[in-house]
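Here are my notes on the model, as numbered points. Please read them with the coordinates open.

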Amino acid sequence: MTGTTETAFQIINETGRGPAVLLCEHASALIPPEYHGLGLAEEDLHSHAVWDPGALALAEALSAALDAPLVAGAVSRLVYDCNRPPEAPSAMPERSERIAVPGNAGLSPEARAARVAQVYTPFCDAVDRVLAARQAQGTPFALVTLHSFTPLWHGTPREVELGLLHDADSRLADAMLDHAPALPHRILRRNAPYGPEDGVTHSLQRHGLRHGLPNVMIEARNDLLADAAAVEAMADELLALLRPAFATLGLTEAHHA
């Protein structure tokens, strides 16, 4: 597996020829020194507000299993959330659930533009390059984004364990949900714990719909990704949905001699 790392992103298995390109926008808890921790309390610096715990490990497992290129964010989503467009307030949120983000309060247009240039634009450019290279290989593929979510939101438990989110194109989510009986123990939902109306499908729009790619956003509850064994188990469960769904859509896995 090959990998390259830049300031705003990391590319893993860049030349993979599998049936998907993977994104993990909230892979990193890194807040570069010049942002002075965004003024966060010490106990909040590695909370779910800062990144998606377990999501990168899950994405890496799927990348290896599917021979899929993976573009992962290398900066905290509180500096810039690469799953939000620049005009969205939530791209640089002043609050995440119950956590205040002082370093994002009252940002000037110039400060916002600087973060777009430092984080969002390089990330999107990297995704565009990977998609173009994968398209040049000449076989069809899907876009799959990997996220995790917290079991408690504003103190309320979330029952859902695995969410399959889609925007206008539901082909891949539909095909995965058709195989949900393969995971009878799992609480699996469409567009949960949130959906397009919550502004969370920007990457699907920007990188999937725009290129006509079947696409899905996978949300795994982060208590189910607590260690390496749990991540491996979740990856296997997702493969039980993804592989037959890819076959349904005519996206076949490459076989290497």
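Which residue forms a salt bridge with D128, the closest N and O atoms being 3.4 Å apart? It is R210. A salt bridge here is a side-chain nitrogen of Lys or Arg within 4 Å of a carboxyl oxygen of Asp or Glu.

1. Basis. This is a predicted model, in which local features need pLDDT of at least 70 and side-chain atom pairs count only at pLDDT 80 or more, while totals for chains, interfaces and linings use all residues. Residues are numbered from 1 along each chain as its sequence is written, and side-chain values use heavy atoms, with hydrogens and water left out.

2. The D128–R210 pair. D128 lies in helix 2, and R210 sits in the loop between helix 4 and strand 12, so this salt bridge ties together parts that are 82 residues apart in sequence. Helices (H or I, at least four residues) and strands (E, at least two) are DSSP runs, numbered from the N terminus.

3. The D128–R206 pair. D128 also meets R206 in a salt bridge, at 3.2 Å from N to O. R206 belongs to helix 4 (residues 202-208) and D128 to helix 2 (residues 109-136), so the pair ties together parts 78 residues apart in sequence. D128, R206 and R210 are thus linked in a network of salt bridges.

4. Exposure of that pair. D128 is partly exposed, with a relative accessible area of 23%. R206 is buried, at 19%. The cut-offs are under 20% relative accessible area for buried, over 50% for exposed, and partly exposed in between (1.4 Å probe, protein chains only).

5. Other salt bridges. The structure holds 10 salt bridges. One of them joins R221 and D223, with the closest N and O atoms 2.8 Å apart. R221 is buried, with a relative accessible area of 11%. D223 is partly exposed, at 36%. As background, side chains of opposite charge can pair when their charged atoms come close.

6. T150. R221 turns up again here. Leaving aside neighbours within four places in sequence, T150 is in contact (heavy atoms within 4.5 Å) with H48, R158, R221 and N222. T150 is placed in the loop between strand 7 and strand 8 (152-153). At 10% relative accessibility, T150 counts as buried. A polar atom of the T150 side chain lies 3.2 Å from the backbone oxygen of L152.

7. Helix 1, geometry. Helix 1 (residues 55-66) has 12 residues and should span 16 Å at 1.5 Å a residue; its end C-alpha atoms are 16 Å apart, which agrees. The expected span is 1.5 Å times one less than the number of residues. Just after helix 1, D67 takes a positive phi of about 50 degrees.

8. Helix 1, packing. Its buried residues are A55, L56, L58, A59, L62, S63 and L66. Seen down the axis, they fall within an arc of 160 degrees, so they line one face of the helix. The arc is taken over the directions from the helix axis to the C-beta atoms. The cover over these residues includes strand 2 (9-12), strand 7 (142-149) and helix 5 (228-248).

9. M176. This residue is found in helix 3 (residues 171-178). At 0% relative accessibility, M176 counts as buried. Beyond neighbours within four places in sequence, M176 is in contact with L164, V216, I218, L241, L242 and A245. M176 and P244 are 68 residues apart in sequence and 7.5 Å apart in space, C-alpha to C-alpha.

Notes. Polar contact = N/O pair within 3.5 Å; in protein donor to acceptor, adjacent residues only side chain to side chain.
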